[in-house]
Every structure is written in C-alpha cells, then in structure tokens.
Amino acid sequence: MQEKSELLVRRSITEILLYRIKYFSPAWFGMVMGTGISGAILIDYPFGTEWLRDIGIAFWAFATGLLILFCIMTILRHILFPGTFKQVLFHPMQSMFLGCIPMGLSSVIADTIGIFGKRAVWPCYILWWIDLALSLACAWLIVFVGFVRHSRKQPEGLNAVILLPVVTLVVNSSTGSLILEELPENWRPHMMVMTTLVWGNGEVLAYAFTCVYAWRLLTGNMPAREMMISCFLPIGPFGQGAYGFLLNTQSLQDYLVKHDYPMLSQVPVLKYLGIIVAVVMVGFATFWLFCAVAGCLYYRPKIFGITWWGLSFPVGTYALATNQLGIALNADAFRVVSCVVGTTVVVVSFALFIPTFYFSVIKDDIFRNFAMEMEQMHSKQQTLSNTTDDLGASRIEKSC
C-alpha cells in the first residue's frame, strides 16, 4: 500500500513538471531581465554602500540561477514536445517574447562584468558574441517572420511587445560597451565598431516600431487592462539606448585621445555629443514613463501574469541612463532621479517574486494561461485552414 502511494506521488510530481515544461513561455526570461537589471542598479548605485552592492550580487546570483533553469526548461520543452518552437515562432504575441532570452543573458553578463571586472572579461566576451547572434536572430528573423506570417489587421493586435525583438540589439550594445572597458587596448577597436553598429541597427528599428505603436495608440486607444503593463516597454529602447550611447561615445573619446587625436582632450566633442543625444533620449523615455504610469493608474490592471516582469527592466534602464548622465555631467539631480527610480525598480522586483512563486509553484495559473493562449491560436489557425480549403473547393466547383 505504501509503495502504491509513493508511486502515485512520483507520478503526480512528474505530471506536474511535464505540464510546466510543456507550457513554459519565453516570457519567463523577462524575470531574468528584471532580476538582472535590479542587480545592476544596486551594484552601481549612485550613492552606493557596500551592503547595497552585496544585495546586488545576490540579485546577480539569483538571475544567473534563473537563466540556467529557464534555459534547461526551454531545451527540454522542445525536445520532449516537438513542434512547440514552431508554434511559438508563428504566434504573433508569444514570438515577441523570444527577445527576452538574449536580453536576459545580456543582463547577467553586464552584472558579471560589473562585479568581477577583468577577472571575468574573457568568459563575458565569448558570451557576448553568443548573445549578439541570438539578438540578431530575434531582431531580423523574428521580425521577418512577423512580416510574412503574423496577422495583425486591427490596431488592437499591435502592442508594445513588438519592440522586444529589436531592443535586444540595443541591450547587447550597452553590455558590449561595459566589456570593452575591461579588454586589452588592442582588442578595443573592433569592439567599439561592433557595439556602435549594433546600437545603430537596434535603435533605428526600435524608433520605427515605436512610431507604429504610437499610431496604434492614436487609432485604437490604450491597450486592454490585462495588457496595460506592456505600456512600460517603450521606455526600454530609449533608456537603454541613452545608457549605451553614453558608454560608446566615452569609450571612443578615450581611445582617440590616447592614440590618434590627443587634442580631443581639450575639447571632448564625442563626450558632448553623447550627452546631448542621451539627454534627448531620456526626455523621450520620460514621456513614455508618464504614459505608462498614468495608464496603469487609470485602468488599474488586476490580473497578474508573467508579463508583469516587463515593468522592471524598461524602468531599470531609465535608472541606469540617468545615473550615467549624472556621472558624465557631475550632476546630483540626475543621480537623485536614478536613486528614486532605481529603488522603485528593486522594490517592485522584490514584490513580483511573491505572486510569481504563488501562481507558478503553488498554483499553475501562469502555465494554464499560456496553454489556453496557444490552444486558441491553434484553433484559429485550424479554422482559417478549413475556410481556405472550403473557398478553394468552391472555386474549383465553379470553374468546372
């Protein structure tokens, strides 16, 4: 009798794990992004202390553990349940969350280089190139698939999640700029070129997609209540873009002063250019931050989902950008703004751990919602396929 009960317990645990693996969404990597950006804020806190840095290191360790766990679950999902990747890739909403995978990796790499510096530069350098390949796959391949396969005929079908695949390049660029500072001098030129190219590609694409999203808000109003958290996503390209551009221009300025143009030390043109562009981008990010906060206060989203982690990372990039501006301008005003915003992000991340644990471990609401969404998409595709077959048959009959 005892052996039967143990067998039933093992079977139930196996079924629970398999269910969670089968319906594991790429949106879970948003949790890695939110945890990683919280660690980055605390590691480089504007008025930081040692104990805040220690908490930041704890965030980094947790984000690294989550990244490894989620990668294992993703691999197992596609091995045990063939065809699931194709389902996600052709899904107009879930495919966008594939961009969270390289951004989660970028967050962990950035935290690692911030903690260990030169001691971790070569592992981070190798991982950065892997992350670049994943980012390009998201920004180019997924966007192209969206052009040819995803159906968004109504404005309501467009949400800020369309930014996720392209902003991967902007995040990758800023992470590369952090690695660049720790590389040997003769390794820096190619890295500066790559980070600038990647930043330009990602930022221009993100700006184009933001224009499309603004058109959607003008024609279809704010998203539905359950999608209101996605309104924070447009902050990311401009917050992270400002942060990355400041790092890139400062690195290029320092390199040229040392090697080819020492006169730039008297008039740091590139540094000033970086500050001007970053201030403009932070101003644009502030507008989207206002819209997101006002929208959430007005509509008050109540149903928790894993996509709520999309709140932490974009706002966290705003904190990093304002902190970097404070350093570049030696302005305490920007540092204070970074402190307020950054502290809010860390507190929100702490708060999100609780419902995430409850609705994924104790209950299975997050996985069930993803399962329902995928089944609805499958039924729509089946209906569309049947309709197409019927139309084709009727046309053949008429021609005969």
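**Helix contacts, loops and rings in a predicted model**

Let me start with one residue: Asn330 is exposed, because its relative accessibility is 61% and the cut-off for exposed is over 50%. Before I go on, please keep in mind that what you have in front of you is a predicted model.

Where does Asn330 sit in the chain? Asn330 is in the loop that joins H11 to helix H12, which covers 332-362. Its backbone deserves a mention as well. Most residues other than glycine have a negative phi. Asn330 is not glycine, and its phi is positive, near 55°.

A second residue can be described along these lines. Arg300 has a phi near 50°, again a positive value in a residue other than glycine. Arg300 belongs to the loop between helix H10, 269-299, and helix H11, 312-329. Is Arg300 buried or exposed? With a relative accessible area of 59%, Arg300 is exposed, since the cut-off is over 50%.

Now the chain as a whole. How many helices and how many strands does the chain have? It has 13 helices and zero strands. Read from the N terminus, every element in the order is therefore written α. The chain has 400 residues, and 51% of them count as buried. Take the contacts with a separation of 6 or more: 82% of them are between residues 24 or more positions apart.

Next, two helix pairs. Two packed helices are described by the angle between their axes and the distance between the axes.

The first pair is H5, residues 100-116, and H6, residues 121-148; their axes come within 9 Å and cross at roughly 160°. Because angles over 145 degrees count this way, H5 is roughly antiparallel to H6. The crossing of H5 past H6 is left-handed. Which residues meet there? From H5 they include Pro102, Leu105, Ile109 and Ile113, and from H6 they include Val121, Leu127, Trp128 and Leu134. Sorted by class, the contact of H5 with H6 has eleven nonpolar, three polar and one charged residues. Asp131 of H6 is among the residues in this contact.

The second pair is H7 and helix H8, residues 188-220, with axes 7 Å apart and an angle of about 155°. H7 and H8 are therefore roughly antiparallel to each other. H7 also passes H8 in a left-handed crossing. The residues of H7 in the contact include Leu169, Asn172, Gly176 and Ser177, and those of H8 include Arg188, Thr195, Trp199 and Glu203. By class, the contact of H7 with H8 has twelve nonpolar, seven polar and two charged residues.

Let me stay with Ser177, which lies in helix H7, residues 164-180. Is Ser177 buried or exposed? Its relative accessibility is 0%, so Ser177 counts as buried. What is Ser177 in contact with, leaving aside its neighbours within four places in sequence? The residues are Thr195, Gly244, Leu247 and Asn248. Thr195 was in the list for H8 a moment ago.

The last topic is aromatic rings. How many aromatic pairs are there? The count comes to 28. In one of them, the ring centres of Phe238 and Phe284 are 4.6 Å apart and the planes are at 55°, so this pair is tilted. The pair links distant parts of the chain, as Phe238 is in helix H9, residues 235-259, Phe284 is in helix H10, and 46 residues separate them. Phe238 counts as buried, because its relative accessibility is 3%. Phe284 counts as partly exposed, at 29% relative accessibility.

Phe284 has another partner. The rings of Phe284 and Trp288 have their centres 6.1 Å apart and their planes at 55°, so this pair is tilted too. Here both residues, Phe284 and Trp288, lie in helix H10, four residues apart, which is about one turn of the helix. Trp288 has a relative accessible area of 4%, so Trp288 is buried.

Rings can also group together. Which residues form one aromatic cluster? Phe24, Trp28, Phe29, Phe70 and Phe367 do.

To recap, H5 with H6 is a roughly antiparallel pair, and H7 with H8 is roughly antiparallel as well. Asn330 and Arg300 are exposed, while Ser177 is buried. That is where I stop.

How values were computed:
Residues numbered from 1 in each chain as written. Predicted model: local features only at pLDDT ≥ 70, side-chain atom pairs only at ≥ 80, totals over all residues. Heavy atoms only, no water. Axes fitted to C-alpha atoms, helices over the stretch in contact; angles between N-to-C directions. Helix = DSSP H or I, 4+ residues; strand = E, 2+ residues; numbered from the N terminus. Parallel < 35°, antiparallel > 145°, perpendicular 65-115°, else oblique. Left-handed = near helix turned anticlockwise from the far one by under 90°. Contact = heavy atoms within 4.5 Å. Nonpolar A, V, L, I, M, F, W, Y, C, P; charged D, E, K, R; others polar. Buried < 20%, exposed > 50% of the residue type's maximum accessible area, 1.4 Å probe, protein only. Phe/Tyr/Trp six-rings, centres within 6.5 Å; stacked < 30°, edge-to-face > 60°.
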